[in-house]
Amino acid sequence: MAMKLTSRFRRLLQRPGSIDLGPYEKLTAAVGEAEESLKDLTDEELTEVVTEMRTTGGLDEGDQIEFLALAREAGLRAIGERAFDGQIVGALALLQGRIVEMATGEGKTLAGAFAAAGYAIGGRRVQVMAVNDYLAQRDSEWMGPIYALLGVTVSHIGQASTPEERRAAYQADVCYAPVSELGFDVLRDRLVDDVADRVTVQPDVALVDEADSVLIDEARVPLILAGATRTEELDDDVVALVRTLRAGLDYEIDGDGRTVALTDKGTDKVEAALGDINLYEDENLDRLTQINVALHAEVLLRRDVDYLVRDGKVSLINNNRGRIAKLQRWPDGLQAAVEAKEAVPVSDSGEVLDSITVQALVSSYPTVCGMTGTAVVVGEQLQEFYKVEVAVVPPNKPNIRVDEPDRLYLTVAQKNKALVEHIGEVHETGRPILIGTHSVEESEQLSDQLEEADIPHVVLNAKNDAEEAAIIAEAGVPGTVTVSTQMAGRGTDIRLGGRDESHDKDRAIELGGLYVIGTGLHASRRLDDQLRGRAGRQGDPGGSLFFASLADELVTRYSVTSGLRPSPDADGRLTDRKAIGMLEHAQRVADGANAELHRTTWSYHRLTGQQRSILLDTREKVLTEDLAAEELAERAKERYDELVEELDEDTVKAAARKIALHHLDRKWTDHLAYLADLREGIHLRSLAGGIVHMKPIDEFNKSAIASFDTLIADAWTEAAETFKEAEITADGLDEEASGVPRPTATWTYLVNDNPFGTEADRILGRLRNAIKPESEGQSEEIPAETFDQDELPEELRDLDDEDLADELPEELREAGDDTEDKKPDTKD
């Protein structure tokens with residue numbers, strides 16, 4: 001009842017999560033009635049009935065009822081699971097193009113399989129977007145018997161899949177794949193010079209698993225395909241020199257920890273060490289670049305947090321998943337700098353060939369739906385970016401998990417001491433514990449502390465991700481302490497008593513079920529809720545507790561602690577309202593900053609995507625038609641006629657096609673490089689002037705449009721010049737000799753798309769600086785400053801002064817009030 005009242009209240013306010021489940025519940029009842037008539041069918045007859053339902057126009061309401069009744073029966077026969085009514089409701093919502101919120105353990109995988117099969121029976125091709133290889137393979141194989149009984153073909157791909165395997169997998173009715181692999185396959189297909197080399201199919205239905213993670217968190221990191229160019233090693237003297245530089249004296253890190261730059265003193269020191277050169281003269285720009293990337297690698301990128309070193313190679317860590325990001329690298333010499341820092345062999349450098357955002361990838365599908373345990377809190381973003389609505393499916397059994405209030409401490413050391421003591425106390429009772437950490441480094445530090453305290457435990461992080469499912473599945477066994485990075489193991493049920501519930505399940509229940517402990521709050525309460533959701537599945541008992549400190553990165557980066565006079569107890573714990581409010585405020589600001597970063601990323605990629613579409617139209621005609629031959633025959637008629645007379649026309653057409661494709665791709669690569677430099681420069685100008693009245697995005701778009709205007713025409717001009725001199729024989733075009741080589745290798749880049757931060761970051765930084773204390777107990781006066789509405793983050797626009805004050809921490813409001821007439825009162 002409470003769930004229904006909440007849903008109705010949301011609908012009145014027209015807020016996300018307001019989809020009325022009433023119609024779906026009525027259809028679910030009809031599915032239950034239709035189910036009875038199917039029990040006497042043999043497996044062959046059931047498959048035949050479903051096959052006869054196949055159509056190309058989608059399933060209407062009546063067909064959906066009949067199909068889901070057949071699917072529920074197939075699930076019971078194939079894997080021994082009869083779908084709950086909530087799973088049928090979820091499947092119906094998915095078939096209507098909704099994002100479905102279902103709690104952990106409520107059977108999203110089965111509901112998703114029913115919906116995917118329903119789309120397939122309706123004549124649609126479905127790609128189920130997973131967050132990693134393991135889940136893509138597991139779910140396709142786990143649901144495979146159901147699909148087979150329904151006469152639907154299913155497949156999966158992963159990072160290790162060959163082109164042939166990918167091509168075959170995409171032809172199935174339903175294909176499970178990590179979202180990144182789908183994106184990279186699209187990028188690679190955009191660069192083929194023969195239609196037969198393509199592996200993907202026309203996008204149709206995207207069914208997104210862990211939809212909030214994929215559509216919101218992953219969307220901030222563009223998928224980038226790069227090609228090898230050369231080996232780019234850093235000079236040993238540069239690496240050694242950078243290690244001698246001192247923080248605050250020779251270099252400074254920005255308030256957000258995203259960039260690092262030499263000070264004047266640091267510049268003098270570097271120039272003297274390199275032979276009294278001027279770093280900023282044209283002939284020394286390569287040296288300056290090397291210094292900058294080496295400094296970035298040395299200072300900002302942390303081993304076991306941002307990357308691992310194993311098997312003599314640097315492997316990046318995906319911060320959203322806490323897992324190794326295979327085949328991914330940093331761009332612009334940064335990879336080589338990190339490799340030099342760690343003294344491992346330096347790999348080839350490269351250049352960006354093409355890129356696509358997750359948002360652009362998903363938006364290319366005519367139908368988008370998905371499922372997750374936490375969708376309502378990002379419902380507005382899902383509507384804004386993907387035009388999809390959220391349907392909240394109530395749990396099959398009430399959630400009885402007990403979520404304790406966060407425990408806040410003054411320092412990290414005090415927090416960690418209390419954390420380990422609490423783990424020890426709970427462990428002594430035998431209650432199973434799952435501990436969520438933020439990084440590999442933190443998980444290993446905690447592991448060391450637990451060892452010192454003689455608390456047996458297992459660690460799940462990016463160093464042993466192959467074992468994650470097995471480890472996480474046993475986290476519900478009494479006496480087990482599991483330390484996990486981020487959401488590693490997400491998608492794997494944690495059953496009390498272990499995966500087969502045979503290890504003291506009753507005792508685990510008596511002890512209160514799985515106890516989830518967070519070592520710190522995430523940048524979004526939604527991510528905390530995902531970790532909490534590992535406990536209390538299907539009405540099981542469970543509990544959760546998060547530890548935090550005022551020195552955690554979340555607070556130091558996203559809140560203003562000046563003026564706060566904390567009063568910790570003997571153990572360093574803070575319980576006063578103002579301190580707790582500081583923690584909550586930091587999380588709200590971080591959530592808003594990440595939403596703004598998503599908007600910023602999309603703003604800059606929207607025009608690029610439109611330009612790419614124009615270029616792709618031309619490229620498609622070159623690839624599939626005779627456009628290249630027609631253009632080059634007109635621009636280099638004498639050469640074309642000569643080659644046709646000497647060779648057969650098909651050979652000349654093939655050569656013309658390859659030459660044209662090379663120059664189109666080359667121009668696009670150069671255009672992307674220009675846009676990257678352009679964007680960097682615009683943000684630097686923005687930083688130099690603080691909050692400026694010129695909108696960087698508008699200036700970016702003007703320059704980007706001007707650059708693209710002649711791109712295709714210039715590509716044809718250069719293609720004609722190449723064609724006139726190209727080495728073309730009966731065997732075809734000699735690409736190397738003709739100066740149109742293909743990349744020798746490709747890989748993906750993992751990039752921070754906005755290294756200079758968002759407008760929200762900069763406003764917060766200005767506010768931080770404005771109230772730095774001059775001395776103990778006295779705050780500096782906040783200088784008068786006005787912010788244009790258009791320059792504020794969207795969530796702070798259209799607020800009057802009183803509303804804006806409500807969005808700031810209390811001590812900042814007080815400081816602001818004081819500065820109107822006088823200095824702050826320091827008597828207390």
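How many helices and how many strands are there in the chain? With the whole chain displayed, the count comes to 32 helices and 28 strands, and it should be kept in mind throughout the tour that this is a predicted model.

**The whole chain**

Before selecting anything smaller, colour the 828 residues of the chain by burial, and 53% of them will count as buried. If you switch to a surface view, the chain exposes about 36,600 Å², of which carbon and sulfur atoms supply 47%. Among contacts in the chain with a separation of 6 or more, 76% are made by residues 24 or more positions apart.

**Strand β5 and its two partners**

Next, select residues 205-209, which form strand β5, a mostly covered strand in which five of five residues are buried. Turning the view along the strand, you will find Val 205, Leu 207 and Asp 209 pointing one way, while Ala 206 and Val 208 point the other way.

Now add residues 126-130, strand β2, which pairs with β5 in the parallel sense over four bridges; in this pairing, Gln 127 stands opposite Ala 206 of β5. Then add residues 367-372, strand β14, which also runs parallel to β5 and is joined to β5 by five bridges. To locate a particular bridge here, look at Asp 209, whose partner in β14 is Met 371.

**The largest nonpolar core**

Leave the strands and select Phe 67, Leu 150 and Leu 382, which touch the most other members of the largest nonpolar core, a set of 96 residues. Helix α6, residues 108-121, gives the most to this core, contributing 10 residues.

Centre the view on Phe 67 and show what surrounds this side chain: leaving aside neighbours within four places in sequence, Phe 67 is in contact with Val 50, Met 53, Leu 59, Phe 114, Ala 117, Gly 118, Ile 121 and Leu 150.

A second, separate core can be selected afterwards; it has 33 residues, including Ala 628, Tyr 640, Trp 668 and Phe 723.

**Gln 611 in helix α24**

For the last stop, select residues 577-624, helix α24, and pick out Gln 611 within that helix. Is Gln 611 buried or exposed? Gln 611 has a relative accessible area of 4%, and therefore counts as buried, since the cut-off for that term is under 20%. Displaying its contacts, and not counting residues up to four places away in sequence, you will see that Gln 611 touches Trp 668, His 671, Leu 675, Ala 704, Ile 705 and Phe 708. Trp 668, one of these contacts, is also one of the residues in the second core.

Key. Residues numbered from 1 in each chain as written. Predicted model: local features only at pLDDT ≥ 70, side-chain atom pairs only at ≥ 80, totals over all residues. Heavy atoms only, no water. Buried < 20%, exposed > 50% of the residue type's maximum accessible area, 1.4 Å probe, protein only. Helix = DSSP H or I, 4+ residues; strand = E, 2+ residues; numbered from the N terminus. Pairing = 2+ DSSP bridges. Contact = heavy atoms within 4.5 Å. Areas by Shrake-Rupley, 256 points an atom, 1.4 Å probe, with all protein chains shown as cover. Core = buried A, V, L, I, M, F, W, Y, C linked by side-chain atoms within 4.5 Å.
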